[in-house]
Each structure stands twice: as C-alpha cells, then as structure tokens.
Amino acid sequence: MARQRSNLDEIFRGIEEAGSIDSYVDAQLRDRGFLIERRATDDMSKRELARYKQQLKDEAAERRRLAADAWRAYKTRNIVFLGEGVFWNDALDYDRWDLENAESRAAENELPPLTSPRQLAEALELTISELRGLAYHRDAATSVNYRRFTIPKRDGAERAIWAPLPRLMKSQRWILRNVAEKLLVHGATHGFLAGRSILTNAKVHVGSQIVLKVDVKDFFPTVTYPRVKGVFRRAGYREQIATLLALLCTESPREVVCENGKTMYVSLGPRCLPQGAPTSPALTNVICLRMDRRLSGLAKKFGWRYTRYADDMTFSFPTGADGATKLGALMGLIRRVVADEGFTVHPDKTRVARSGGRQSVTGLVVNGDGAPRVPRKMRRKVRAAVHNAKQGKPLKGDETQSTIEGYIAYIAMTDRALADRLLTDLLGEE
C-alpha cells in the first residue's frame, strides 16, 4: 500500500511538471518509445503496414494504461467531481461570489484557515478520496452516510432521524466545534448553545399577561444546501471550501426503497439540514440571525418579549405592561417576517395562553412571578414511579430506573431540593 501510494505521488508530481494529464501521458509515451510519428500509408508494403498498425495499437494500449494511472494519481489530490447538480472545478481559484476579504473575515471569526480541499481533508483527518466520498451527491444511491430511525412525535406520528455514520459524524463534529459554533447568533436564541437551555428560554417569559407560541414548519428541511453554503461563504471561506463544508452538512430527504432484494435510497428533494446531524442546530441558529433580529425588534416595538428555541418561537406580553397587547397585529407581522426569511409559520401549532390558564414555554410552566417549573403532572408521575420502585412494585409501561433518573434530572433543573429527595428515595440512600 505504501509503495502504491508513493508511486501515485510520483506520477502526480510528473503531472504537475508536465502541466496536464495529457501532456504527462505524451511525455511518458515519448520517453518509453511508444509515441509513433504519424505517416501516410499509401506507399507502405503489407509488412510495413502491419508493423505500423501494431505500433499504433501498442501506443494506444500504453496510452490507456498511463492515462488510467494518471487519473488515479490525480484523484488522490483533487476532488474532480461531486455528483450531478453540484458545481465543481478543481482549477477554480476565484469565484465572483467570493468575499473580497474572505481570508480576513475568516480570521475575524477565528476560523481555521482553509484554502484548498487538501487542507480541509487534512484537518478532518481524511484522504481526498474519503472527503469526496462523504461529500458526493447521488439522487439514487445504494448506500448513504446516514442511519435512519424514527422517534414518536407528541401527536403520535413518527419523526425520521438520519444519524450520520461514524466517519461523517467525526467530520461534522469538527465543523461544529471549529466553524459553526464560532459564528454570530442572536441573543434571543436559547437552543443548542453553551449556557443556554429550555430553562433560560422559559425564564424570559415569567410573569406574562399573554404567551404566544409560534412554530416554524419543516424547519430543518427548509434550510437547503445553497443557504448552508451561503453561511460558510459569509463566514470567510471561498467557493471550493464552502461547497465541501455545505455538502458535508446536508443530505437529501430520502425514501428507502427495496426491490428485488436490493435497497435503494431515493432522493425526495434538494439537499438540506438532516435532523440528526450535530451541525444542523448550530447552522440554523446562524441562518436565523437576521430573522431573530427582526422578530426581537418587532416584539420590542409592541412591548413584547421574544425568544427562540430551535423552531419554537415564543412571544410574551409582561404583566403590568402599559398599552394594548395588539396581539392580532403582532401575529400578522410575525408571519410576514418569517415568510420574508424563507420559513413558514405552522398553521396548526400557534398557541395563545393567557394568565388565567396554564402558560408553558419549552415544557416549563411560567405562570406567576416565580421561577419556571416542571408541570405538576410530571412531578406527580415521577413521585409515583419512585414510590413503586421503592416498594418493589412493577414499573409502568416503558419505565425503567434509568428513565426515572432521567425524569429526576429534568426536575433538578428547576427544583434541586425535590430532585435530591426523589433520588434519595429511589436509590434507598440515607
């Protein structure tokens, strides 16, 4: 393997010196005595003609062999092709959509300097061939770099999760840590950020006359490959690197089709952020920066408060605030801004909760002036499960000690004292 790689490296150096694959092949044919000068055949004898034809055949065979080796060597250092519908040019060193000060912008964002596919491959600890394989797009594929499974939604339907396989997962985590997490997001964003949580999101809306909850429809599928590529370009990367990073972070929604014992993964639409990739939430936060700015400004103008946790947007009108709530006008403008930014408000998931009823934000109750808290129904459920476990009674449904401990950890986020008591009772500690 090492000898083969060394041989390919030597061939690639020859290609670079010659200037192109064709020039390299011609030079090799000449050096090895295979390049035949073309001559008129009219005056050749049969023997001379046969010999001339054989020489041409030998040259053609050697040309094919050299060209195949040259292409193998070339593809170890160059991407070459990334699939139908994906623009790629190995020789491209400038694109009109590149930022004029791209490298300076990347440095300002404290991003790793990446100016060539080879640099990116080395950063991801991949070969060029492996990088090409992870980024390659196919409308119909016999295998993909994701594993599909489903989880239940609250309405009983199933949500498809596409989890990246280990090699792609490792690359996406590198992009997350070194690029996506370093880009600017709005202060109203509380999802998937260090130091932010469903609790910090809910705290903003404590003590409200009205809580308005708005959901974005098809959040991740709406963020398509061109939008993701735009994030990386604005961050300070040029065409080639932005293309590769965007392909590594997106995938087409696919249907799994089995026919005649063969499994195919068929594209159902354009590449977008997969639900299950570690980079998807961070990239949506970056993409929603302008929308968050506009909605935050809109809320402030009307005397409301605004936060967003992933695709859940929450607006609240504080108790004791002066003036009319102007709820109808606000809702109309929210829809307009969201549509303006390339998203759609889910028509069936807009909720208005007034102070007379239960107000919850990202699952936590925010009624009154106290801190957000876990709903009473959940606390009762956990108390009952802990009691049954302590008494040696069988647990209900899919409950296990691990799930009960998870519920207790959830309660600990808002009520540490209660969580400590429940955990002590569950583990039988004094």
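Two strands count as paired if DSSP finds at least two bridges between them. The model used in these exercises is predicted.

**Exercise 1. The sheet**

Task: Determine in what order β1, β5 and β6 lie in their sheet, and which strands form the edges.

Solution:
1. Start with β5 and β6, which pair in the antiparallel sense over 6 bridges. In this pair, Val256 stands opposite Tyr265 in β6.
2. Turn to β1, which is joined to β6 (residues 262–267) by 2 bridges and runs antiparallel to that strand. Two bridges are enough, because the cut-off for pairing is at least two. Here Ala141 stands opposite Tyr265 in β6.
3. The order is therefore β1-β6-β5, an open sheet of 3 strands under the pairing rule. The edge strands are β1 (140–141) and β5 (254–259), each pairing on one side only.
4. In the hairpin of β5 and β6, 2 residues lie between the strands, and Asn260 has a positive phi near 55°.

**Exercise 2. The faces of helix α14**

Task: Find which residues of α14 are buried, and explain why they line one face of the helix.

Solution:
1. Helix α14 covers residues 327–340; its 14 residues reach 20 Å from first C-alpha to last, close to the 20 Å expected.
2. The buried residues in α14 are Leu327, Leu330, Met331, Ile334, Val337 and Val338.
3. Seen down the axis of α14, these buried residues fall within an arc of 130°, so they line one face. In general, an α-helix has 3.6 residues a turn, so residues three or four places apart point the same way.
4. The face turned away from the buried side of α14 carries the exposed residues Gly328 and Arg336.
5. The cover over the buried residues of α14 includes β4 (208–215), α13 (289–302), β8 (312–318) and β9 (351–354).
6. After α14 comes Gly342, with a positive phi near 85°.

**Exercise 3. Aromatic pairs**

Task: Classify the pair of Phe219 and Phe343, and decide whether Phe219 is buried or exposed.

Solution:
1. The structure holds 8 aromatic pairs. In that of Phe219 and Phe343, the centres are 5.5 Å apart and the planes form an angle of 40°, which makes the pair tilted.
2. This pair links distant parts of the chain: Phe219 is in helix α9 (residues 219–222) and Phe343 in the loop between α14 and β9, 124 residues apart.
3. Phe219 has a relative accessible area of 7%, so this residue is buried; at 3%, Phe343 counts as buried.
4. The charged end of Arg227 sits over the ring of Phe343, 4.6 Å from the ring centre.

Conventions: Residues are numbered from 1 along each chain as its sequence is written. This is a predicted model: local features need pLDDT of at least 70, side-chain atom pairs count only at pLDDT 80 or more; totals for chains, interfaces and linings use all residues. Side-chain values use heavy atoms; hydrogens and water are left out. Helices (H or I, at least four residues) and strands (E, at least two) are DSSP runs, numbered from the N terminus. The expected span of a helix is 1.5 Å times one less than its number of residues. Buried means under 20% relative accessible area, exposed over 50%, partly exposed in between (1.4 Å probe, protein chains only). The arc is that of the directions from the helix axis to the C-beta atoms. Contact means heavy atoms within 4.5 Å. Rings of Phe, Tyr and Trp (its six-membered ring) pair if their centres lie within 6.5 Å; planes under 30 degrees apart count as stacked, over 60 as edge-to-face and the rest as tilted. A charge sits over a ring if NZ of Lys or CZ of Arg is within 6 Å of the ring centre and within 35 degrees of the ring normal.
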